[in-house]
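Please examine the sequence together with the three-dimensional structure before reading on.

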Amino acid sequence: MNSTSIIDFNGTSCIKLCAGGYTALVAYEIGSNVIRLHDDKNNIEFFRFKEDNSADSIRQSAEVWGLPTLYLPNRFADGVLKTSDAVYQLPVNEKAPYNNHIHGFIHKRIHEVVEHNADEKSAWVKTRYLYDENDEFFQYLPVKFLAEYTFTLSENGLKQDISFTNLSDKMMPMSLASHTTINSPFVCGSKEEDIRLTVPAGKKCELNERCLPTEKLLEPTAYDLEYRTGKKPVLVNVDNDMYIGEYTTLNGEKFHGVIAEDISTGKKICYEVSEEYKFWIIWNDKGFNGYFCPEPMTAMIDAPNLSLPADVSGYCEVKPNETFHTYQRFFTAL
């Protein structure tokens with residue numbers, strides 16, 4: 001029986017979804033973060049999760065638990081954000097030698113539950129966040145918008161639909177990412193050394209010492225090409241490997257996403273993203289902390305400030321009263 005319910009998870013209210021052999025916890029009070037996605041049949045823990053983790057500890061480092069959605073993601077040099085009709089000065093919250101603004105704010109806000117329900121096919125929850133002058137960040141980015149998320153759980157896994165609607169009279173800068181934390185190991189009882197991550201890595205985006213793009217797109221080296229066939233994403237330091245996303249295959253079919261496999265069991269986490277996500281960054285917090293992050297991004301780091309054309313950088317703007325939409329989906333395969 002598919003179902004939804006409100007539960008308390010160690011100090012924060014969550015919507016619990018049960019459907020299709022999966023269980024998910026959506027912490028709407030922490031940026032609509034999916035703090036848990038579990039395949040109950042195959043005992044697969046998708047995201048970095050601990051049963052005894054307090055809500056406060058998740059809030060304090062919301063980027064590295066579950067599935068946090070970031071707006072504006074990654075780095076903006078010196079906090080500067082240039083749009084077609086304005087220049088904004090964001091707070092510099094990444095210390096020297098980086099001196100950037102990093103990761104925005106929406107993943108830390110309390111979101112509103114619009115509805116949650118279930119039927120014979122799925123369970124779902126809809127959340128939203130209205131960003132306006134009541135948000136402390138509005139002093140830096142006075143562009144009103146509505147963010148709406150729909151999480152649908154079924155035998156097809158978890159689908160997340162995301163919409164951002166510009167409610168201002170200004171152009172809304174759009175760059176969106178998920179700081180997706182995959183549990184390591186993700187199969188109960190397996191070993192971290194048996195994980196392989198397949199990424200459809202195209203050209204590599206060269207980064208400088210501040211983790212900002214040099215605007216050089218490099219041909220993949222032997223190291224980079226390992227991602228195309230399955231590369232170990234943990235127990236080594238992976239520090240912001242950034243690529244133009246291409247396509248891989250899943251069960252002989254074209255697939256826009258990444259695949260993590262436990263080679264000892266053949267169990268896979270499949271992570272599909274919509275066409276709006278044009279880049280991948282791979283990062284693992286030095287590799288020995290029980291998780292790794294394949295992060296899909298709609299635009300490059302610092303995209304609005306680059307001299308690259310928009311069709312290369314991925315940067316776009318949402319006109320007043322228009323909506324930007326993306327989706328992503330997680331499911332298992334054997």
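The paragraphs below treat a sheet, a cavity and one strand residue in turn.

This is a predicted model, in which local features need pLDDT of at least 70 and side-chain atom pairs count only at pLDDT 80 or more, while totals for chains, interfaces and linings use all residues. Residues are numbered from 1 along each chain as its sequence is written, and side-chain values use heavy atoms, without hydrogens and water.

Strands of a sheet pair through backbone hydrogen bonds, either parallel or antiparallel. Here, five strands (DSSP runs of E, at least two residues, numbered from the N terminus) form an open sheet in the order β1-β2-β3-β4-β5, with antiparallel pairing (at least two DSSP bridges between two strands). Its edge strands, β1 (3-9) and β5 (44-45), each pair on one side only. Strand β4 (residues 33-39) is joined to β5 by two bridges in the antiparallel sense; H38 has E45 of β5 as its bridge partner.

The structure contains one cavity of 30 Å³ or more. A cavity is a set of points on a 1 Å grid over the protein atoms alone where a 1.4 Å probe fits but cannot get out, and lining residues have an atom within 4 Å of a point. The lining of the largest cavity consists of F9, I35, R48, F49, K50, N53, I58 and W65.

Strand β25 (residues 267-273) includes E272. E272 is buried because its relative accessible area is 19%, the limit being under 20% with a 1.4 Å probe and protein chains only. Beyond its neighbours within four places in sequence, E272 is in contact (heavy atoms within 4.5 Å) with F255, H256, G257, Y327, Q328 and R329.

Conventions: 1 Å grid on protein atoms, 1.4 Å probe; cavity = no way out; pocket = protein on both sides within 12 Å on 5 of 7 lines; lining within 4 Å. Points joined across faces, edges and corners; volume = space filled by probe spheres on them. Helix = DSSP H or I, 4+ residues; strand = E, 2+ residues; numbered from the N terminus. Buried < 20%, exposed > 50% of the residue type's maximum accessible area, 1.4 Å probe, protein only.
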